[in-house]
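Student: I should like to study the structure below with your guidance. May we take it one question at a time?

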Amino acid sequence: MRLPHIGAGLEIGLFGTWTAKGEYLYVKFDDYTTFTQPPFGGQGLNLAPRSVKLNDNIFRAGMNYKFW
């Protein structure tokens, strides 16, 4: 299965050799099912299936100094 991921970024010159940058990334991993005990102490091995969706939104920002 091909996993979707997208992103975009921008870098602009500020003054002299300084720049500012920002980017956004979205990543989606495969969903999976896990078996866990009920919270707060369940009776025996009463395991319940739980579907877990894994995705992330990442924001980054920074400044750069260019030496040459």
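Student: Is L14 buried, partly exposed or exposed?

Tutor: Buried means under 20% relative accessible area, exposed means over 50%, and partly exposed lies in between (1.4 Å probe, protein chains only). L14 has a relative accessible area of 39%. Because this value falls between the two limits, L14 is partly exposed.

Student: What kind of model is this, and how are residues numbered?

Tutor: Residues are numbered from 1 along each chain as its sequence is written, and side-chain values use heavy atoms, with hydrogens and water left out. Local features need pLDDT of at least 70, side-chain atom pairs count only at pLDDT 80 or more, and totals for chains, interfaces and linings use all residues, since the model is predicted.

Student: Which strand holds L14?

Tutor: Helices (H or I, at least four residues) and strands (E, at least two) are DSSP runs, numbered from the N terminus. The protein has 0 helices and 5 strands. L14 belongs to strand 1.

Student: Which element gives the most residues to the nonpolar patch?

Tutor: Patch members have over 30% relative accessible area and no salt bridge (a side-chain nitrogen of Lys or Arg within 4 Å of a carboxyl oxygen of Asp or Glu); like charges are joined within 9 Å, and nonpolar side chains (Val, Leu, Ile, Met, Phe, Trp, Tyr) within 5 Å. The surface patch consists of L10, I12, L14, F15, W18, M63, Y65, F67 and W68, with about 1,200 Å² of accessible area together (Shrake-Rupley method, 1.4 Å probe, only the protein chains shown counting as cover). Strand 1 (5-15) and strand 5 (55-65) each give two or more residues. With 4 residues, the element that gives the most is strand 1.

Student: In what order do the strands of the open sheet lie?

Tutor: Strands pair if DSSP finds at least two bridges between them. Strand 1 and strand 2 (residues 18-28) are antiparallel over 10 bridges, while 11 bridges join strand 2 to strand 5, also antiparallel. The 3 strands form an open sheet in the order 1-2-5.

Student: Which strands are the edge strands?

Tutor: An edge strand of this sheet pairs on one side only. The edge strands are strand 1 and strand 5.

Student: Which residue in strand 2 is the bridge partner of F15?

Tutor: Strand 1 and strand 2 form a hairpin with 2 residues between them, and G16 in the turn has a positive phi of about 55°. Elsewhere in this pairing, E11 stands opposite K21. The bridge partner of F15 is W18.
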